[in-house]
Amino acid sequence: MKIMIDHPILLHKQVILSGNKMIAVENQAIDKAIPKDESDEFVVPESNAFGQSFRAYEGSVRQSIVENCYRLHHINQTYDFVKRTREEYAKLNKVEMSIWEAIELLDNFVDETDPDLDEPQIQHMLQSAEAIRKDYPSEDWLHLTALIHDLGKVLFHSKLGSLPQWAVNGDTLIVGCAYDESIVYYKYLKENPDYNNPAYNTKLGVYSEGCGLENVLLSWGHDDYMYLVLKASGTTLPPAASFIIRYHSLYPLHHNGAYEYLMNDEDRENLKWLQTFSKYDLYSKSKVHVDVEKVKPYYESLIKKYFPEKIRW
């Protein structure tokens, strides 16, 4: 399929420090690249891996386990919890490993908040990456972004502190201001101490209009954690990749139009890529496994292109 762009993608070399040596890497400017138009988008399947509608939280075959995880998530994800946990994990002092080593930690991990799939996360990440690779063959940064978008779920592993699933997975929400009513299982948020706290339950809460999403706190989990890892890693992935990774679970934003009053112009531009990516994240889920060893050389080449050999977690 043809990629629609205003002018050719420009490549440039950037030098970054990895350990004690300097390495040159290629970076891809996507300033003028735009997502495909609507008629050329990913075809949405009629049903999920269980033959049900996607994101059908009521009546899902996984409803009991999914709903319980969200209940714990909504009750425990207070502004203070998020602030404290983020500050701790922002130190990135748990372990040093490569991107692929981190991917392998998710080989047997199943997300308890996902009503659409009960396969290991490594399969979901590869399914997303392979689907977007097919439709956007020239945008290798997008292939890699899809591969690592859920990599922050390594938070469940003993190497990263064995966090409970409610502090790792699930749709995210913005803490420090009023909860949007489109949030999945909104009813449980009424049990969160912040719900009745006047400092946090108004439209803006602790924020100001147009402050930019980079300046807000999200419920703690894999999205924001991987964003922090990326920022400190020396990656040459474009800013849109970081935006996709931090906000891909913020469904009230990219599916329901919530929180627009907190966005700035850069957020609105990057949102276009997030909305494109979201289709592949959600609708590529399948019981049909990707052959890991077959595609591994390609993705390892992208990791080598965009990341140092080892990064801090």
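## Helix 6

Helix 6, which runs over residues 222–233, has twelve residues and reaches 16 Å from its first C-alpha to its last, close to the 16 Å expected at 1.5 Å a residue. The model in which this helix appears is a predicted one. Directly after helix 6 comes Gly234, a residue whose phi is positive, near 85°.

## Surroundings of the helix

Because ten of its twelve residues are buried, helix 6 is largely enclosed by the rest of the structure. The buried residues include the charged-group-bearing names Asp223 and Asp224 as well as His222 and Ser233, and the list is completed by Tyr225, Met226, Tyr227, Leu228, Val229 and Leu230.

The buried residues of helix 6 pack against several other helices, namely helix 2 (79–89), helix 3 (99–104), helix 5 (140–148) and helix 7 (239–247), and also against strand 6 (311–312).

## The chain as a whole

The secondary structure of the protein chain comes to ten helices and six strands, and 56% of its 313 residues count as buried. Of the contacts between residues at least 6 apart in sequence, 78% join residues at least 24 apart. The accessible surface of the chain comes to about 13,800 Å², and carbon and sulfur atoms account for 48% of that area.

## Nonpolar cores

In soluble globular proteins, nonpolar side chains tend to be buried together. Here the largest nonpolar core has 85 residues, of which Ile148, Leu151 and Trp313 touch the most other members. A second core, separate from that one, consists of five residues, among them Val66, Tyr70, Val184 and Tyr188.

Terms used. Residues numbered from 1 in each chain as written. Predicted model: local features only at pLDDT ≥ 70, side-chain atom pairs only at ≥ 80, totals over all residues. Heavy atoms only, no water. Helix = DSSP H or I, 4+ residues; strand = E, 2+ residues; numbered from the N terminus. Buried < 20%, exposed > 50% of the residue type's maximum accessible area, 1.4 Å probe, protein only. Contact = heavy atoms within 4.5 Å. Areas by Shrake-Rupley, 256 points an atom, 1.4 Å probe, with all protein chains shown as cover. Core = buried A, V, L, I, M, F, W, Y, C linked by side-chain atoms within 4.5 Å. Expected span 1.5 Å × (residues − 1).
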